[in-house]
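Biologist: Could you zoom in on one buried corner of this model for me and follow it wherever it leads? I'd like the connected story rather than a list.

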Amino acid sequence: PGYSIRSTIGESEKAVVYLAVSDALGREVALKATKAGNDDSGAHQLLAREYQAIAGLRHPAVVELHDYGMYDGREYLAMEYFPRGDLRARMHRGITEKEALRYVERIASALRVVHEAGLLHRDLKPPNVMLRENDDVALIDFGLARNLEGGLQSTRTGVLRGSPYYMSPEQALGETLDSRTDLYSLGVIFYEMLTGRKPFNGNSAIEILQEHVNAPVPKLPERHARYQPVLDRLLAKSRDQRFNSAEEVIEALEAARAAGTQQTTAA
């Protein structure tokens, strides 16, 4: 009640996302709902956790939540709809070096907002980075988010949460996480935007996670070599060797861009 569903725009094992019109708001929203007949309480807790995580966080870098409730045994969450789609679709159309740098800086800025609010995203990947009309980014899907102090925990022993392609070594090993975990995922996205491929691959989730833990950081093509030091720190196996904050990432990218501009001018 209160929503006119137009189409299905996304679906997972436990939930479906509809494009709908909110009667109260008089505009389109993304309406995420648990699937009918899904008796897994974890699916319901996931939507409750997402709402709890960011309901009070009002910032353009984070998806705006409009409504949350339960109807006919299905939990739902109404949120901001992004007509331009996500970063994954944008990457499929091809991204230049300049665009990649702009996006990674904007994602880092969004992470700065999230981390300063005391949250850890834990599932940063291109489908969870939405694009606004002005090309700014907004992070979505905080179902796996947790407080940096340790609250909002959702991972159960033996249960893999998130995409293995973007998981940090500490996630793969089941260790305690902090904000540097999100920065590792940002490094994966950065490499993928610059090269068009993921840095670590395998025939199974376990193989991919083993690559994150053991494989060396891949080298960028020569034309992007000046960003290798930034990538090495983002994708460092040890968190102590990574950037300490999203702000440090932004500063390092600005320095690398400036160095590239000077080289071009000198040539």
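Modeller: Sure. One cut-off first: a residue counts as buried when its relative accessible area is under 20%. Asp135 comes in at 13%, so it is buried. Keep in mind that this is a predicted model, not an experimental structure.

Let's stay with Asp135 for a moment. It sits in the loop between S7 and strand S8 (137-139). Its phi is near 80°, a positive value in a residue that isn't glycine. Arg122 shows a similar sort of backbone: its phi is near 75°, again positive in a non-glycine residue. Arg122 belongs to the loop between S6 and S7. With a relative accessible area of 6%, it is therefore buried as well.

Next to Arg122 in the numbering is His121, and that's the residue I'd really zoom in on. His121 is in the loop between strand S6 (119-120) and strand S7 (129-131). What is its relative accessible area? The computed value is 0%, so His121 is buried. As for what surrounds it, leaving out residues up to four places away in sequence, His121 touches Asn128, Ile140, Asp141, Phe142, Leu144, Ala145 and Asp182. There is also a C-alpha distance to note: His121 and Asn147 are 26 residues apart along the chain, and their C-alpha atoms are separated by 9.0 Å.

Two of those contacts are good threads to pull. Take Asp182 first, which touches His121 and is also one of the H5 residues that meet H3. Helix H3 covers residues 97-116 and helix H5 covers residues 179-195; they pack at an angle of about 165° with their axes 10 Å apart. An angle over 145 degrees counts as roughly antiparallel, so that is what H3 and H5 are to each other. Their crossing is right-handed. On the H3 side the contact includes Glu97, Ala100, Tyr103, Ile107 and His115, while Ser179, Leu186, Phe190 and Met193 are among the H5 residues taking part. Sorted by class, the contact has 13 nonpolar, 2 polar and 2 charged residues.

The other thread is Asp141, which touches His121 and is also in contact with Lys32. Lys32 takes us into strand S3 (residues 27-34). Is Lys32 buried or exposed? It has 14% relative accessibility, so this lysine counts as buried. Setting aside neighbours within four places in sequence, its contacts include Leu47, Glu50, Leu77 and Met79, along with Ala15, Val16, Val17, Glu75 and Tyr76. Val17 deserves a second look: it is 15 residues from Lys32 along the chain, with 4.3 Å between the two C-alpha atoms.

Those contacts make more sense once you see the sheet. Five strands form an open sheet in the order S1-S2-S3-S5-S4, with antiparallel pairing. The edges are S1 and S4, each of which pairs on one side only. Ignoring direction, neighbouring strands are turned by 25° against each other on average. In general, strands of a sheet pair through backbone hydrogen bonds, in either a parallel or an antiparallel way.

Start on the S1 side. Strand S1 (residues 3-11) pairs with strand S2 (residues 15-22) over 7 bridges, in the antiparallel sense. A hairpin with 3 residues links S1 to S2. Val17, which we just met as a contact of Lys32, is the bridge partner of Gly10.

Now the S4 side. Strand S4 (residues 65-71) and strand S5 (residues 74-80) run antiparallel and are joined by 6 bridges. Tyr76 is the bridge partner of Gly69, and Glu75 is the partner of Met70; Lys32 touches both Tyr76 and Glu75. The hairpin here has 2 residues between the strands, and one of its residues, Asp72, has a positive phi near 55°.

Stepping back, the protein has 8 helices and 9 strands. Buried residues make up 51% of its 267 residues. Of the contacts with a separation of 6 or more, 60% link residues 24 or more positions apart. So, in contact terms, you can go from His121 through Asp182 to the H3 and H5 pair, or through Asp141 to Lys32 in the sheet.

Technical notes: Residues numbered from 1 in each chain as written. Predicted model: local features only at pLDDT ≥ 70, side-chain atom pairs only at ≥ 80, totals over all residues. Heavy atoms only, no water. Axes fitted to C-alpha atoms, helices over the stretch in contact; angles between N-to-C directions. Helix = DSSP H or I, 4+ residues; strand = E, 2+ residues; numbered from the N terminus. Parallel < 35°, antiparallel > 145°, perpendicular 65-115°, else oblique. Left-handed = near helix turned anticlockwise from the far one by under 90°. Contact = heavy atoms within 4.5 Å. Nonpolar A, V, L, I, M, F, W, Y, C, P; charged D, E, K, R; others polar. Pairing = 2+ DSSP bridges. Buried < 20%, exposed > 50% of the residue type's maximum accessible area, 1.4 Å probe, protein only.
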